[in-house]
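Good morning, and thank you for making time on the agenda. I shall go through one structure, beginning with its sheet and ending with its cysteines.

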Amino acid sequence: MKKMIHLQNMTLPIHGMTCAACITRVENTLRELRGVSAVLVDLEANQVCFAYDPMQVEMGDILDAITSLGYSVATQEIRLQVTGMTCISCVAHVEGALQDLPGVIDAAASLQLSEAQVHYIPAVVTIAQMIRTLHAMGYQAGA
């Protein structure tokens, strides 16, 4: 049976690149990651565009590869209030739905606190997108 590949396109802002050697370092490093392809760095725009398979590589691994080279990608954390979670299965659904959003690095929900802490890339995903995703699942959410 043939394995289905679900590539997602991503554009990340990268801070700290200054020259053609930076382009080569970033492109080569990301191409070495399993599940990453079609890497293209735009030095003038300070960004990298690539395709990746989230079943093979996590966004955190991609960010780690970039930061290991001495560059940075702006990230933020937010605590979303989430009501309507009633069990551990709800917690897993909330975390999974948030983590499936391109640009979300990690999400951890707490049943006891009725919240989800989300580490994300604001240039890729918005708080409004996170809230809409949770609303579509039947939860009430807000920042």
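**Strand β4 and its surroundings**

Strand β4 is joined to strand β6, residues 115-120, by six bridges, and these two strands run antiparallel. I should say at once that this is a predicted model. Within the pairing of β4 and β6, Ile78 has Val118 as its bridge partner in β6. Arg79, in turn, stands opposite Gln117 in β6.

β4 also pairs with strand β7, residues 140-142, again in the antiparallel sense, and here the number of bridges is three. The residue in β7 that partners Gln81 is Gly142.

Let me now place these strands in the sheet. The sheet is open and has four strands in the order β5-β6-β4-β7, with antiparallel pairing. Strands β5, residues 104-110, and β7 each have a single partner strand, so they form the edges, and one side of each has no neighbour in the sheet. From one strand to the next, the twist averages 25°. Helix α3, which spans residues 88-99, lies across β4, β5 and β6, and runs at about 165° to β5.

I turn next to a single residue of β4. Glu77 belongs to this strand, which covers residues 76-83. Is Glu77 buried or exposed? Its relative accessibility is 51%, and the threshold for exposed is over 50%, so Glu77 counts as exposed. As a general remark, side chains in a regular strand alternate between the two faces of the sheet.

Which residues does Glu77 touch, once its neighbours within four places in sequence are set aside? They are Gln117, Val118, His119 and Tyr120. With Gln117 there is a polar contact between the two side chains, at 2.5 Å. Glu77 can also be set against Asp106: the two are 29 residues apart in sequence, while their C-alpha atoms are 9.4 Å apart in space.

Let me move to the aromatic residues. The structure holds one aromatic pair. The ring centres of Phe50 and Tyr52 are 5.9 Å apart and the ring planes meet at 55°, so the pair is classed as tilted. Both partners are buried: Phe50 has a relative accessible area of 3%, and Tyr52 has one of 5%.

Finally, the cysteines. How many disulfides does a search of the whole structure find? The search finds zero. Why is Cys19 not bonded to Cys22, the cysteine with the closest sulfur? The two sulfur atoms are 3.7 Å apart, which is too far for a bond, because a disulfide requires the sulfur atoms to lie within 2.5 Å. Cys19 is partly exposed, at 33% relative accessibility.

The case of Cys87 can be put in similar terms. Its closest cysteine sulfur is that of Cys90, at 3.7 Å, and this too is too far for a bond. Cys87 has a relative accessible area of 31% and is partly exposed.

To recapitulate: β4 is joined to β6 by six bridges and to β7 by three, Glu77 on β4 makes a side-chain polar contact with Gln117, and a search of the whole structure finds zero disulfides. Thank you for your attention.

Methods. Residues are numbered from 1 along each chain as its sequence is written. This is a predicted model: local features need pLDDT of at least 70, side-chain atom pairs count only at pLDDT 80 or more; totals for chains, interfaces and linings use all residues. Side-chain values use heavy atoms; hydrogens and water are left out. Rings of Phe, Tyr and Trp (its six-membered ring) pair if their centres lie within 6.5 Å; planes under 30 degrees apart count as stacked, over 60 as edge-to-face and the rest as tilted. Buried means under 20% relative accessible area, exposed over 50%, partly exposed in between (1.4 Å probe, protein chains only). Contact means heavy atoms within 4.5 Å. A polar contact is a pair of N or O atoms within 3.5 Å; within protein, one must be able to donate a hydrogen and the other to accept it, and residues adjacent in sequence count only if both atoms are side-chain atoms. Two strands pair if DSSP finds at least two bridges between them. Axes are lines fitted to C-alpha atoms, for helices over the stretch in contact, and angles run from 0 to 180 degrees between N-to-C directions.
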